[in-house]
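The following exercises are to be worked with the sequence and the coordinates at hand. Each task is followed by a solution in steps.

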Amino acid sequence: MTDPYEMIRWGHDALELEIALDAQGPPRLVRIGAPGEKTGTARPRAPLPLVEVTTAGLGRHWSGRHLVDSVLGARLRHRSHHASRDGDWHVLTVELHEPETGLTAEAVYRSMDGLPVLRGEVLLRNDGPRTLHLESVGSLVAGCLTGGDPADLDDAELLWAENEWFAECRWQRRPLRVSSPDRGHRFHTTAGRTTHVVAGQGVWSSCGHLPMGGLTDRASDRTWLWQIEHNGGGWRWECGVRDDTAYAALYGPDDADHGWRHPLEPGAEFRTVPVALAFTPDGGPDGAFAALTRYRRATRRPHADHHRLPVIFNDYMNCLMGDPTTAKLLPLVDAAAEAGAEYFVIDAGWYDDGGNWWPTVGAWEPSASRFPGPTGIHEVLDRIRERGMVPGLWLEPEAVGVNSPVAGSLPEEAFFRRDGRRVEEGGGRYHLDLRHPAARAHLDGVVDRLVGEWGVGYLKLDHNTDPGSGTSGHPGETPAAGLLGHNRAQLDWLDGLLDRYPDLVIENCASGGMRMDHALLSRLQLQSTSDQQDLLLYPPIAASAPTAVTPEQGAVWAYPQPGDTPDEVAFTMANALLGRVHLSGRLTELEPEALALVHEAVAVHKSVRADLPQALPAWPLGLPGWEDPWIALALRTPSTTYVTAWRRPGAEAARDLALPHLHGTDVRTEVLYPASAKAATTWHPDTAALTLTLPTTPSAVLLRLTRTSSEGS
């Protein structure tokens, strides 16, 4: 029998966790932190078990909004554990068992050398004689985010990100305990019933909120950040207090939020969606986001695009807006090439022969009326290649219009269904279920034609409808369980697509940033950050995008318009310079001064882009608020720091930008863009602050700060 409080200590030079093994209770994760830290208490404080599971017959000990405190979780007992290596990854597997039901759970933790990030998932196996009807399974339960001293909770602040169409990546911050009323602890010493819950819904993984959250300590800057690596809306996290200790529990779909249930039959297995938890002992949110950025790079599919960062022109935003024709495109192709674009993407509408195309999509054949020449759309594709660019096309693969011939040619089982009927959504759209071989074969045929035969090198994969809770495609299946199956099949389809076409570049889009998740971004090369059309409203999105996606994957629109002032042209171009430039706008109608600013911006981006795939983000003015008059984003390498700063109307002329990583260092400051900017800068090495003055509004600049000396050097 295990001795009370025997400890599993596991990790590496950047991260260590401790799991307490109690002979009389379940294992508990009691510490996640830097190596060598002490728990601060004689008895480890972590009130929650290592794995939380609820079923139809075994719920929670203590009811409320939370899913923790589960009966099964408290019954699971340690059976074995082992540590192993998988290349640079450390792996710990802890096996638990509950003898009455026969449930076996494997909590699997992975962490990479040098990275203070923990990846977690749980594998359940039914070794008993009866079916277990799962209703929730936690991928990672960390019941130890504060040390057990009630005073620690007074400094704890919760982080989460609201994410809406045209208004993505809006991080919020508030005390974990908004109020602490006297609830009569003299008589009731159990934890409260409430917790902070954030959950996704439907097909879009980031509609409403990013699948992320965090907890930070105001006093010490000790910070945890987490992400749920799932490409659908069936996810949930909760963060609250148990026994004077803050906890976080991360889930995929569950019954309470999504109506998810899964029958785990004898001998069957179920694996949760993976999640990740980043930690910094004193770096605050910036330090945790930097760790998460490194983790995202380490866990994504390798692709040349992540290092080349070609400039992309897309004809949609504030340009053709879904109305492409040969006559409109050819001049734009020439203008984009002259501006320095390396890819040219024909966005929505290329398949439309007129009328209402929304309910007719699905075959993805080019329009004859839009491209009337003898070679049709190939006249434009050939011109793109002649001008030295790679052609791209917009595609909405999962959507099939109700009036499309594809709607009648595929079997019923190839579509989302509920109660035996196809799900129709968005004014005339069906949704493909990619678990069905006919649905997948149809899409493979489309891609093989566009990429394999036409030579298209870029696909913008969009999705603009949400068919709700999911699909009951199999007998007895809940819609949420069907949706999880489709989500996993979608990832498998994308893996197969890139296996066949390894040089293909794929952009992830869903009404802008409604599918901004690491499950997709670990496979796809770019992420559309927004459909925002107002250049003055884009800065908080562009500056916050590196919280959700690596800088080299974040596609930001730059869309100069005829009639824009030179300051406005520079402003919209600056939005994209520390991400992936998605150039658009009516370039052919710009005045020479405006066009020169566009060309200058593209050239400057190309001069700095080699640094972006290694750079780590920071926010010299804190994470942007939606209405902040000044906004700033920094990307830092060991020797160079780039800063984009925006002054919006109503802002004072000067601001101090905090760059603590340059404390005590002499730096040389350059204004990279625009060259005509009347910006003034003063560096203060003792306070690590840069005073920046921009005399006009709106205005934006890209700065480069280079170390020239440091303390002790």
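**Exercise 1.** How many of the 15 residues of α4 are buried?

The model is predicted: local features need pLDDT of at least 70 and side-chain atom pairs pLDDT 80 or more, whereas totals for chains, interfaces and linings use all residues. Residues are numbered from 1 along each chain as its sequence is written, and side-chain values use heavy atoms, with hydrogens and water left out.

*Solution.*
- Locate helix α4 at residues 284-298; helices (H or I, at least four residues) and strands (E, at least two) are DSSP runs, numbered from the N terminus.
- Apply the criterion: buried means under 20% relative accessible area, exposed over 50%, and partly exposed in between (1.4 Å probe, protein chains only).
- The count is 11 of the 15, so α4 is largely enclosed by the rest of the structure.
- Among the buried residues are F289, L292, Y295 and R296.

**Exercise 2.** Is T93 buried or exposed?

*Solution.*
- Place T93 in strand β6 (residues 89-98).
- T93 has 11% relative accessibility and therefore counts as buried.
- Leaving aside residues up to four places away in sequence, T93 touches S80, H81, H82, E106, A107 and V108 (contact means heavy atoms within 4.5 Å).

**Exercise 3.** Which strands stand at the edges, each with a single partner strand?

*Solution.*
- The order in the open, antiparallel sheet of three strands is β1-β2-β3; two strands pair if DSSP finds at least two bridges between them.
- β1 (6-11) and β3 (28-33) are the edge strands, so one side of each lacks a neighbour in the sheet.
- Five bridges join β2 (residues 16-21) to β3 in the antiparallel sense; A20 has R28 of β3 as its bridge partner.
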